[in-house]
Amino acid sequence: MTSPAYPITEKKQNQTIWRFLLKELKPSGKWLTPFNIISIPIILVGLALIVIRFTHGLGAVSNVTQEVPWGLWKGFNVVTGVAFAGGAYVLTFIVYILKVDKFHSIVRVTVLNGFLAYLFYTGALVLDLGKPWNIFNPVIGNNYGVSSVLFLVAWHFILYILGLLIEFSPAVAEWLGAKRAHKILSGMTIGAVIFGITLSVLHQSGLGALFLMAKEKIHPLWYSEFIPILFLVSSVFAGLSMIIFEGSISQQVFSDQIDEKSRTRRKEMLQILSRICGCSMFIYLFLQLLVFIHGQRGSYINSSMGYWFLVEMVGFVLVPMVLFILSYRKPNILLIRIAAIMTIIGIILNRLNVSIIAFRWDAAVRYVPSWMEIVISITIILIQIWIFRWIINRMPVFKGSPSWAKHKND
Amino acid sequence: MSINRRDFFKALGATGMTIIGLNAAGSPGSNSDDDTEFYGILYDSSICIGCRACEKACAETHGLPEPEDEMEAGVQRKTSVTQRCTVNAFDTEEGEVYVRNQCMHCNEPACATACLTQAMYKTKEGPVIWREEKCMGCRYCMVSCPFDVPKFEYESANPIIQKCDMCYDRIKEGELPVCVETCGDALYFGTRRELIAEARRRIAEWPEMYIDSIYGEHTVGGTGYLYLSPVPHNELGFDIKLQKESYPSLTKSFLYSVPAVDVLVPSLLLGLHAATKNKQNKTENHD
Ligand code: SF4
Ligand code: SF4
C-alpha cells in the first residue's frame, strides 16, 4: 500500500491518460498477503465454474430445483447483499439531507461500497439468468412487464447504480486530476442523493415484494403482506451495522490512509450509528410483533420452524438491539462491534429464511446449495473486495481530497 | 390492521395513479371483466378412465419423448421439462379416480404478472403461453405460480421453460387442443362461460356422480381449466388452501404505491434539504 497517488497531478498531465491508467492498473504493495493467498485460488476456481455454468447450463453447478428455482445467488448475493448495501442510502440521507457533517469522512467509502455491491450483485443476477442475452428485453425492448415487481426492482437497481456512480464520481475526477469534470460532477451530488434515496426505498421494499406471490410457499412465520415494509426497515440497521463492521476492518487494513482527526471522530460516529441501529431495530421488532399477533402465528411457534424463528428474532434481533441500547449510556466500542456482527448474522438469517430456508420448507426434496454455488458466491464477493482495495489505494476515499478540490467542501 | 394497511396502500396507489395519469395500466386485473370469453377446458374426473392417451398425444404434438413412467395410485407424477401434462390416479371411496395435471391457464395468471418481459403471456383467447425470444430465464414465474407449473431446463445452456400452452397454435387455426381432440368425453373445450354452464348441467343432471363444486371456478381468481370430480377435491391432490382472490392482487397494492413513492419521497427530501440548508446558513451567520 505504498502507491503515492498524490500528489501526482502535475506529472499526470504530461503523460497520456492511457499510460497513466496502465501504470495504475499494476498492483501496488506486497503480493503475498494472507488475503491474496487465500482469495486467488478461490477466485480462479470460481471463474472456471462460471465458465462451466455458461457452457453446460445452470444445473451443472447449481442445485436449484423446479420447486425452489431461486438459490444461493439470488438469496444470498442479491437479496441479502442489497440489504447490507443499504448503508449507502441511509448515510447519504444523514449527511446530505440532514446535514450531519460528522459523517462526511465515511460517506465516500460507503457510497463506493454500495456502488460495487450493486454492480456485483447485478452480476450475480445475470449469472443466475437462464437466458442472459435477453436481459435487454425489459430495458430497451417493447416488452415492458410493468405489472411485474421484478421489472420495477430491476429498473430501480439500474438507475440506482447510476446514481451511486454519480455520487462517487468526484473521487474519480480527483484521481484523474480532471478539475472541470470534478466541478460539474460535484454539483450533481445532491440530485443523485435524492434520486438514490427514493430508488432505495423502493427497491429495498421491492425485494421483499418479490415474494408476495409466493404466499403458500413460504412458511407462515416469514410470509406476510408486510414483507416489503419489514425489508425496508431492516435494511436501515443492516446497512449501518455493515458500515460499523467494515469500518473496524478498514481502519486496520488501510490505517496508513486514515488521519488522526477522523480516527477520534470515529468513536462519536459509532455512537450515533449504534443509536440509529437500536431505534430502527426496535421499530422492526415492534412491526414483527404486530404481524405475529395479527397473523395469529402463535400456533406455529411450537415446531422446529418456530424455534428457528425465535432464534432469528430473539438471538439476532432482540439481543443485539439490547446491546446497541446498552452502549447508549456508556459507549463501548467492543460492545457496538459485537452487536453489529450479531445484527449482520440476523439479517443473513432473515433474508435466507424468506428466500431459501422457509421457502418450500415442506418440500420433499430440500434445496441445499452445492459447493460450486458457494464458491461462485464467495468469488463474487472476493472480486468485489479486490476492486474495492484497488480503488481505495488509488483514489481519495479515506485520504483527504487534493487541495484543489477541497475548499468548497470544507 | 391488515385492512388498514391495505387501505393505506390503496390511497397511496390512487395518489400515484392520479399523479402519473395512469389508470392501472398493465395490471392484468384490467381484463378480468371479459374473462368469460376466454377459452378453457373442462376436465371431468368422473368420466376419465385414466388411459393417458392425452399424455401421449401431447408429447407427440410438442416433440417430447413418449411418457414411459407407470401410473400408480397415490403417486403424484409431476409435470416436468419433458412432460407438459400428467394423469394421476387416486384411491378414494368411489374407487380409483383420475386427475389430469397441467397449467391451469389462470384468468389472472401469477406467472404472467411476474414476468418482466411478458414472455409469459395471457393471450386474449385464454391460453397462457411462453415466448422464448422474450424470456430471460429469471424464473420469477416459477417462484410465483401457485401450482408450480412452469418447468425450467436446468441442464441446458440455452434453457427453455416447459409448460402447457393449450395448443395455442391449433386454437388460432380453429382446431381443438390435441388432448381434447384425442380424448372422448373427459375433456371438453369451450369458452369459460360455456364450460361453467356445462359443468353445472352435469352436476344437476347426475348429482350422484359429482360433488357440487367446480375446482377452478373461483380458485386464484378463476382458471381456464375447470374440474368436475366425484369426491372432495382435497382427496385428489388439489390444493384447496389457495386463496380465492387472484395472485396478482397480492402485489397490486405494492405496485400501485410505487409511483406515489417515486414522487412523494423526492419532494419530501427536497423540502428537508432546503430546510436544513437554511438552518445551516443561519447558524453560520450567528457564528
Ligand atoms: S397455473 Fe401457473 S403457469 Fe399456469 S397460468 Fe396459472 S400461474 Fe401461470
Ligand atoms: S423465466 Fe422467462 S418467462 Fe419466467 S418470469 Fe422470467 S423472463 Fe418471464
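## Exercises on a predicted two-chain model

B:Y140 touches A:W70, A:S148, A:V149, A:L150, A:A209, A:L210 and A:M213, along with B:A114, leaving aside residues up to four places away in sequence. Keep that list at hand as you work, and remember that this is a predicted model.

**Exercise 1. Place B:Y140 in the largest nonpolar core, and work out where this core lies in chain B.**

Step 1. Start with the size: the largest nonpolar core has 176 residues. B:Y140 is among those with the most contacts inside it, together with A:F211 and A:I218.

Step 2. Look for the main contributor. Helix α6 of chain A, residues 104-128, gives the most to this core, with 13 residues.

Step 3. Now turn to the domains of chain B. Domain 1 (5-27 + 250-286) and domain 2 (39-245) both supply residues to the core, so it lies between them.

Step 4. Finally, check for another core. One of nine residues lies apart from the largest, and B:L195, B:A199, B:I203 and B:L228 are among its members.

**Exercise 2. Describe the surroundings of ligand 1 and ligand 2, then decide whether B:C115 and B:C135 are buried or exposed.**

Step 1. Around ligand 1 there are 13 residues, of which B:C103, B:M104, B:C106, B:C111 and B:C145 come nearest. Sorted by class, this shell holds 11 nonpolar residues, one polar and one charged.

Step 2. The residues surrounding ligand 2 include B:C115, B:C135, B:C138 and B:C141, as well as B:W130 and B:R139. Its shell has nine nonpolar, two polar and one charged residues.

Step 3. Apply the cut-off for buried, which is under 20% relative accessible area. B:C115 has 9% relative accessibility and therefore counts as buried; B:C135, at 7%, is buried as well.

Step 4. With so many cysteines on the list, a disulfide check is worthwhile. A search of the whole structure finds zero disulfides over all chains.

**Exercise 3. Find the buried residues of helix α2 in chain B and say what they pack against.**

Step 1. The helix covers residues 53-61, and its buried residues are B:C54, B:E55, B:A57, B:C58 and B:A59.

Step 2. These buried residues pack against strands β2 (86-92), β3 (95-101) and β8 (187-191), and against helix α6 (178-182), of chain B.

Step 3. Follow the chain onward: after α2(B) comes B:G63, with a positive phi near 65°.

Step 4. Set this in the wider chain. Chain B has eight helices and nine strands, and buried residues make up 54% of its 287 residues.

Key
Residues numbered from 1 in each chain as written. Chains lettered and ligands numbered in written order. Predicted model: local features only at pLDDT ≥ 70, side-chain atom pairs only at ≥ 80, totals over all residues. Heavy atoms only, no water. Core = buried A, V, L, I, M, F, W, Y, C linked by side-chain atoms within 4.5 Å. Buried < 20%, exposed > 50% of the residue type's maximum accessible area, 1.4 Å probe, protein only. Helix = DSSP H or I, 4+ residues; strand = E, 2+ residues; numbered from the N terminus. Domains from an automatic or database assignment. Contact = heavy atoms within 4.5 Å. Near = heavy atom within 4 Å. Nonpolar A, V, L, I, M, F, W, Y, C, P; charged D, E, K, R; others polar. Disulfide = S-S within 2.5 Å.
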